[in-house]
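Here are some worked exercises on a single protein chain. Have your viewer ready and try each task before reading its solution.

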Amino acid sequence: MRLSDPQRRYLSLPFSKGQVLEGTVKNITSYGVFVDLGGIDGLIHITDLSWGRISHPSEVLELNQTLNVAVLDFDDNKKRISLGLKQLTKDPWADITEKYPAKSKHTGIVRNFTNFGVFVELEEGVDGLVHISDLSWTKKVKHPSEFTSIGAELDIIVLELDTENRRLSLGHKQVEENPWDTYETIFAEGSEHEGEVTEVHNKRSSVLFKTEGVEGFVPGRHSEKEDGSKLTKGEIVKFRVIEFNKESRKIVLSHTILFKEALAAEKAAEKKSTAKGMKGVASKVEKQMFGDFASLAKLKKKIKKEEQ
């Protein structure tokens with residue numbers, strides 16, 4: 001390949017890493033941007049365009065745009081120049097431990113969802129993951145889209161910082177105190193509360209306690225009503241707490257136990273009453289028999305006296 005005079009001049013220059021050159025955007029592809037340096041082209045890979053996440057180079061640059069770039073590498077044999085744009089600005093992770101120490105509170109922007117959590121951007125080039133289990137203390141979130149939306153602001157706390165792998169573990173529910181500390185005293189085992197049945201399944205039903213804003217669940221065998229029917233969605237009835245677990249955030253309830261216990265108590269009272277009645281009858285018979293024996297003894301004594 002015959003080189004033009006500008007190309008020869010550029011190739012004869014002592015390129016060095018970190019050198020800043022001026023160029024013009026010549027072509028934009030899905031993997032990067034080709035920059036005309038005045039007779040020779042260099043490539044800015046998509047990962048070297050911005051410290052932040054981008055899906056296409058056109059989000060950052062446009063054709064014929066003039067810009068400064070940094071030389072990242074130069075292969076004299078292949079006549080290739082690797083360029084960088086983000087390297088002209090400070091790496092946001094350089095002082096990450098000072099800006100985002102563990103337990104510090106911040107407000108970020110929701111940028112992406114996954115089945116297991118939410119990616120929140122704190123600044124360009126710095127984002128972290130809020131695991132789905134760290135979104136709410138009380139709501140059972142099946143997918144992050146049920147809780148927030150792309151572009152929404154979200155208050156977070158830094159849970160863990162991994163500078164080596166450039167990862168931030170974030171939490172949203174930790175912004176507020178754990179309400180389960182309070183629930184532990186309200187929903188003690190054996191306590192009774194009124195709640196609304198919100199979901200009904202074959203093996204369990206969900207119950208919402210609106211005042212506290214927390215849900216419990218009723219196993220199938222504990223959802224039978226006194227008339228033999230099952231709980232239905234929308235019903236507001238009384239339940240008894242049969243298990244409370246703060247660590248797993250679980251409140252297990254029973255409606256059935258209430259009427260069965262009352263029925264058992266009624267039967268026990270009836271049995272006690274019957275037993276008491278029987279005891280009275282036995283006592284009366286015993287007294288009567290005792291009286292008969294006493295009269296008989298008295299009569300025998302009288303006859304014996306008369307014979308003498």
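**Exercise 1: The chain as a whole**

In this chain, residues 24 or more positions apart make up 57% of the contacts with a separation of 6 or more, a contact being heavy atoms within 4.5 Å. The model is predicted, so local features need pLDDT of at least 70 and side-chain atom pairs count only at pLDDT 80 or more, while totals for chains, interfaces and linings use all residues. Residues are numbered from 1 along each chain as its sequence is written, and side-chain values use heavy atoms, with hydrogens and water left out.

Task: find how many helices and strands the chain has, and what share of its residues is buried.

Solution. Start with the secondary structure: there are 4 helices and 15 strands. Helices (H or I, at least four residues) and strands (E, at least two) are DSSP runs, numbered from the N terminus. Next comes burial: 34% of the 308 residues count as buried, where buried means under 20% relative accessible area with a 1.4 Å probe, protein chains only.

**Exercise 2: Walking round the barrel**

Task: state which strands close into a barrel, and in what order. Then follow the pairing from β6 to β10.

Solution.

1. The barrel has 5 strands in the order β6-β7-β8-β10-β9, with mixed pairing. Its neighbouring strands are turned by 50° against each other on average, direction ignored; the axes are lines fitted to C-alpha atoms, and angles run from 0 to 180 degrees between N-to-C directions.
2. β6 and β7 run antiparallel and are joined by 5 bridges; two strands pair if DSSP finds at least two bridges between them. Val-110 is opposite Val-120 of β7, and a hairpin with 2 residues links β6 to β7.
3. β7 and β8 are also antiparallel, with 6 bridges. Here Val-118 faces Val-130 in β8. The hairpin between β7 and β8 again has 2 residues in between, and Gly-125 in the turn shows a positive phi of about 90°.
4. β8 (residues 126-131) pairs with β10 (residues 167-171) in the parallel sense over 2 bridges. Leu-129 has Ser-169 in β10 as its bridge partner.

Why is β7 largely enclosed by the rest of the structure? Because 5 of its 7 residues are buried.

**Exercise 3: Two pockets**

Task: for the largest pocket and the second largest pocket, give the volume, the central residues and the make-up of the lining.

Solution.

1. The largest pocket has a volume of about 550 Å³. On a 1 Å grid over the protein atoms alone, a pocket is an open set of points where a 1.4 Å probe fits, with protein on both sides within 12 Å along at least five of seven lines; lining residues have an atom within 4 Å of a point. The volume is the space filled by probe spheres set on the points, which are joined across faces, edges and corners.
2. Its lining has 23 residues, with Trp-51, Gly-52, Arg-53, Gly-125 and Asp-127 nearest the centre. β8 supplies the largest share, 4 residues.
3. By class, this lining holds 8 nonpolar, 7 polar and 8 charged residues. Ala, Val, Leu, Ile, Met, Phe, Trp, Tyr, Cys and Pro count as nonpolar, Asp, Glu, Lys and Arg as charged, and the others, Gly among them, as polar.
4. The second largest pocket holds about 380 Å³ of space. It is lined by 17 residues, and Lys-139, Lys-140, Glu-199, Ser-206 and Glu-215 are closest to its centre.
5. β13 (214-219) gives the most to this second lining, with 3 residues. The classes here are 2 nonpolar, 6 polar and 9 charged.

Terms used
Buried < 20%, exposed > 50% of the residue type's maximum accessible area, 1.4 Å probe, protein only.
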